[in-house]
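I am opening a fresh notebook page for this structure. My plan is to begin with the whole chain and then go through some of its sheets.

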Amino acid sequence: MAVDSAFSSPLGPPACKKDAKALQFIEEMTRNADSVQARVLAEILTQNSQTEYLTRFNLNGATDRETFKSKLPVITYEDLRPEIQRIANGDRSPILSAHPISEFLTSSGTSAGERKLMPTIKEELDRRQLLYSLLMPVMNLYVPGLDEGKGLYFLFVKSETRTPGGLLARPVLTSYYKSDHFKTRPYDPYNVYTSPNEAILCPDSFQSMYTQMLCGLFERQQVLRVGAVFASGLLRAIRFLQLNWDQLTQDIETGSLNKKITDPSLRDCMAKILKSNPELAESVRQECSKDNWEGIITRIWPNTKYLDVIVTGAMAQYIPTLDYYSGRLPLACTMYASSECYFGLNLNPMSKPSEVSYTIMPNMAYFEFLPHEPNSAVFSRDSPPKLVDLVDVEVGKEYELVITTYAGLCRYRVGDILRVTGFHNSAPQFSFVRRKNVLLSIDSDKTDEAELQKAVENASQLLRDFNTSVVEYTSYADTKSIPGHYVIYWELLVKDSANSPSDEVLEQCCLAMEESLNSVYRQGRVADNSIGPLEIRVVKSGTFEELMDYAISRGASINQYKVPRCVNFTPIMELLDSRVVSAHFSPALPHWTPERRR
């Protein structure tokens with residue numbers, strides 16, 4: 001029920017007084033974006049003025065933008081790696097931040113094959129919580145009645161480790177779910193989950209998924225929205241239901257819990273929820289036992305109004321499958337965030353995935369934008385780039401995001417390429433274009449061209465004994481199967497047909513490639529079951545020449561043609577697949593442990 005006009009907002013009529021305050025806050029921040037940015041930078045520079053990093057650049061107490069930009073360089077993770085390593089090893093002096101580093105947030109981006117370590121401070125949790133608190137007030141403008149039901153969200157914690165100096169290192173969402181901000185969150189009728197905290201916080205991915213699914217099935221009539229962080233995660237949940245519905249419905253029918261659920265706190269929690277309900281079990285069983293799973297989400301959860309998942313960037317590849325399983329329910333992308341910083345939110349969450357724009361909230365960090373021109377010269381400290389302030393970006397142009405955070409990152413290149421789509425008041429709105437340099441991605445993994453090249457080189461060593469080499473290769477992320485997997489097309493030069501590599505050798509090549517990929521990929525394969533076995537498809541000799549002929553027929557220059565290292569254009573995929581002579585899958589899991597390589 002909307003509140004009276006005294007609390008109205010330019011964004012629309014708020015659902016309650018609490019929402020009115022949140023919407024008013026959004027208006028204040030976006031109307032005054034430039035002055036908020038100036039204040040944020042001054043606060044950061046004042047707070048961290050005595051840190052080792054800032055004193056290096058002789059700011060002498062200055063907090064204005066001009067001095068800051070003239071004295072501090074634009075940096076990447078590699079530039080900060082020595083400082084981050086010192087903090088990880090136990091140096092507690094104020095290196096990057098005046099406030100103590102509370103933990104490291106592990107990025108899905110990698111450096112030297114390991115997750116990047118992003119230092120954070122306790123107060124950042126408050127900032128993240130603030131952004132979360134704005135999401136439902138905006139959603140309530142578009143979808144009424146969400147206080148009358150619950151959200152079925154598949155949320156998981158991932159493994160954490162400690163650095164040599166004793167600091168926790170874990171993904172940002174694991175940090176958030178384990179915080180009091182999440183565990184002791186106040187009751188909010190607009191934000192009630194079917195999953196109990198015990199299920200979300202269970203470190204065993206099977207037990208966590210099983211009990212979250214079971215709770216979601218028990219409350220199927222109360223579910224008004226279904227979600228996960230990424231689209232791939234929601235599809236994994238659907239696949240899990242396909243594989244486990246028989247046991248799940250048995251638990252519902254009998255009111256007893258599957259013996260595979262061994263976590264004591266989870267069993268205690270589920271004992272209070274589980275009650276025998278043969279009628280519910282039969283209705284779920286009837287739907288799940290059908291061969292056709294089209295629209296299964298709305299068949300099982302008939303009151304679902306939308307799916308809450310990220311479907312921008314690499315996740316866009318999952319939209320057709322989500323449409324199939326949901327009967328084309330609206331897909332809501334609500335916020336834009338990373339391990340380094342939470343950035344902003346979608347003020348029109350019901351927009352089509354192709355039209356999603358995120359409004360940057362100027363209170364979250366100090367934002368600058370590096371104009372993205374793919375063919376521009378590489379810059380150096382002697383020829384620094386000209387960065388643009390938040391309010392000065394231009395509609396239609398693309399930029400790389402550069403951030404300065406309260407936790408001590410200064411002029412740090414995040415690696416996201418964004419396109420300006422418009423403004424809300426004086427705050428720009430961006431569509432996410434892509435991660436810089438990422439070729440392949442199935443879940444939270446990100447594989448770039450250099451890494452793929454190294455993996456191919458390592459795997460091709462196994463072909464030497466057979467006097468065989470990889471002439472050419474390309475790849476694509478196959479998301480038709482659940483979970484998705486990497487497909488690598490190889491054209492081989494076999495110099496001795498009597499001694500060509502066997503199927504077993506080519507399978508070992510698949511595994512060798514997986515062993516060469518970064519720890520995020522290997523964790524997805526081993527611990528999270530979010531990525532399937534890598535596949536090598538061997539194509540006929542001459543296939544890549546045909547590929548070049550096709551590209552030239554479409555207008556590519558023969559002088560500048562380079563084999564694309566990743567393909568997703570349907571005619572090219574069809575050409576490659578029509579030339580496949582054999583397909584091989586990785587026969588085992590690659591090595592992975594939560595511990596970082598020293």
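**Whole chain**

I started with contacts in the protein chain between residues at least 6 apart in sequence, and found that 68% of them join residues at least 24 apart. I note here that the model is predicted.

Next I looked up the secondary structure. The protein chain holds 20 helices and 22 strands.

Then I turned to overall size. What radius of gyration would a compact globule of 598 residues have? It would be near 25 Å, and the protein chain has 25 Å, so the two agree. Along the principal axes, the C-alpha atoms fill a box of roughly 80 × 75 × 50 Å.

I also checked burial. Of the 598 residues, 55% are buried. The protein chain exposes about 25,800 Å². Carbon and sulfur atoms supply 50% of that area.

**Sheet with strands 3, 6, 7 and 8**

I moved on to an open sheet of 4 strands. Its order is 3-6-7-8, and the pairing is parallel. Strand 3 and strand 8 (331-332) are the edges, each pairing on one side only.

Is strand 3 mostly covered or mostly uncovered? I found it mostly covered: strand 3 spans residues 150-154, and 4 of its 5 residues are buried.

I then followed strand 3 to its partner. Strand 3 and strand 6 (residues 223-230) run parallel and are joined by 5 bridges. I wrote down two residue pairs. Leu 152 has Val 226 of strand 6 as its bridge partner. Phe 154 has Ala 228, also in strand 6.

Which helix lies across strand 3 and strand 6? I found helix 10, residues 205-218. Helix 10 runs at about 160 degrees to strand 3.

**Sheet with strands 19 to 22**

My last stop was another open sheet of 4 strands. The order here is 19-20-21-22, with mixed pairing. Strand 19 (468-478) and strand 22 (580-585) form the edges, and each pairs on one side only. Neighbouring strands of this sheet are turned by 25 degrees against each other on average, direction ignored.

How do strand 21 and strand 22 pair, parallel or antiparallel? I found the antiparallel sense, over 5 bridges, with strand 21 covering residues 535-539. For Glu 535, I traced the bridge partner in strand 22 to Phe 585.

Definitions and conventions. Residues numbered from 1 in each chain as written. Predicted model: local features only at pLDDT ≥ 70, side-chain atom pairs only at ≥ 80, totals over all residues. Heavy atoms only, no water. Pairing = 2+ DSSP bridges. Helix = DSSP H or I, 4+ residues; strand = E, 2+ residues; numbered from the N terminus. Axes fitted to C-alpha atoms, helices over the stretch in contact; angles between N-to-C directions. Buried < 20%, exposed > 50% of the residue type's maximum accessible area, 1.4 Å probe, protein only. Rg over C-alpha atoms; globule rule 2.2 N^0.38 Å. Contact = heavy atoms within 4.5 Å. Areas by Shrake-Rupley, 256 points an atom, 1.4 Å probe, with all protein chains shown as cover.
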